[in-house]
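The following paragraphs lead the reader through one protein chain, from its covalent cross-link to its interior and its strands. Please keep the structure in view while reading.

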Amino acid sequence: MRIRSALTALAVVLAGLVAGAGTGAAASSTTTTAAASPYCGITWGSADKTAGTLSSAPLVDVRTGRQDCYDRVVFEFAGPVDGYSVGYGETWTEGEGLALSPYTAGGALLRVSLRAPAYDAAHSGTVPYQVGEHTANLLRYPTLRDVVFGGSFEGYTTFAVGVRARLPFRTLVLAGPGTHSRIVLDVAHQW
């Protein structure tokens, strides 16, 4: 009787181990699948992005926003603008060549070159920001750390965007409001 009870107990233990191993394998498979799928479905990558042509419509505003999966910087222009070049690396002030990395918060730096001026030549060359000015309050943003104006020279406008780390980003061109246009930079909260 003791042998029979011991064999029954052994069979129950072995069955539990086999069932646990199957569950562990399934959990491992699920974890691998979850790790392989992109964060929030984001597949943007972190390579340089360039598009569009030079425009004479001036920059009128820079603002930021937080979304569930990314932080956003919006550059608004008084007219149609579609030209930009955005990538990770050092950003230099327009016309002087001063590096902005020592003055920009964040673990990584996105250099943003907009193919439009920040000055309105028709209205005495007024520029909305001073070179080196921090243009946004980014308190409590998960990814964005700083947005610094790098100047405007010969129709090009530069910003240094400090982010927490080198993360995926995308750039969009949007029409409106009204006759205005916007170049939008979204930076993911994680990979």
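A disulfide is here a pair of cysteine sulfur atoms within 2.5 Å. By this rule, the count in this predicted model comes to 1 disulfide. The partners are C40 and C69, whose sulfur atoms lie 2.0 Å apart. The torsion about their S-S bond is about -75 degrees, so the disulfide is left-handed. C40 belongs to the loop between α1 (2–36) and β1 (49–51), while C69 belongs to the loop between β2 and β3, so the pair ties together parts that are 29 residues apart in sequence. The two cysteines may also be described by their accessibility. C40 counts as partly exposed because its relative accessibility is 44%, whereas C69, with a relative accessible area of 19%, is buried, the limit for burial being under 20%.

How far may the model be relied upon? The mean pLDDT of the protein chain is 86, and 79% of its residues reach 70 or more. Over residues 21–34, however, the pLDDT is below 50, and this stretch has 0 contacts in the model beyond near neighbours in sequence.

The interior comes next. The largest nonpolar core has 30 residues, and those with the most contacts inside it are F75, L110, F159, V161, L185 and V187. At least two residues of this core are supplied by each of β2 (59–66), β3 (70–77), β4 (84–88), β5 (108–114), β6 (144–153), β7 (156–163) and β9 (181–188). The largest share, 4 residues, comes from β5. Another core, of 5 residues, lies apart from it, and I42, C69, Y70 and A188 are among its members. The disulfide partner C69 is thus met again in this second core.

L185 illustrates the surroundings of a residue in the largest core. Residues up to four places away in sequence being left out, L185 touches D71, R72, V73, V86, L110, V112, V161, F169, R170 and T171. Among these contacts, L110 and V161 are also listed with the most contacts inside the core.

The pairing of β6 and β7 may be followed next. These two strands pair in the antiparallel sense over 8 bridges, and L144 stands opposite V163 in β7. Their hairpin has 2 residues between the strands, and E154 takes a positive phi near 50 degrees there. Of the 10 residues of β6, 8 are buried, so this strand is largely enclosed by the rest of the structure.

Within β7, A160 merits a closer look. A160 counts as buried because its relative accessibility is 0%. Leaving aside neighbours within four places in sequence, A160 is in contact with T91, L100, T104, L109, L110, D146, V147 and V148. The C-alpha atoms of A160 and Y88 are separated by 9.7 Å, although these residues are 72 residues apart along the chain.

A final site lies outside the strands. S55 is placed in the loop between β1 and β2. Is S55 buried or exposed? With a relative accessible area of 18%, S55 is buried. A polar atom of the S55 side chain lies 3.2 Å from the backbone nitrogen of A57. Beyond its neighbours within four places in sequence, S55 is in contact with P80, V81, R115, A116 and P117.

Key:
Residues are numbered from 1 along each chain as its sequence is written. This is a predicted model: local features need pLDDT of at least 70, side-chain atom pairs count only at pLDDT 80 or more; totals for chains, interfaces and linings use all residues. Side-chain values use heavy atoms; hydrogens and water are left out. A nonpolar core is a set of buried Ala, Val, Leu, Ile, Met, Phe, Trp, Tyr and Cys residues joined through side-chain atoms within 4.5 Å. Buried means under 20% relative accessible area, exposed over 50%, partly exposed in between (1.4 Å probe, protein chains only). Contact means heavy atoms within 4.5 Å. Two strands pair if DSSP finds at least two bridges between them. pLDDT is the predictor's confidence in each residue, from 0 to 100. A polar contact is a pair of N or O atoms within 3.5 Å; within protein, one must be able to donate a hydrogen and the other to accept it, and residues adjacent in sequence count only if both atoms are side-chain atoms.
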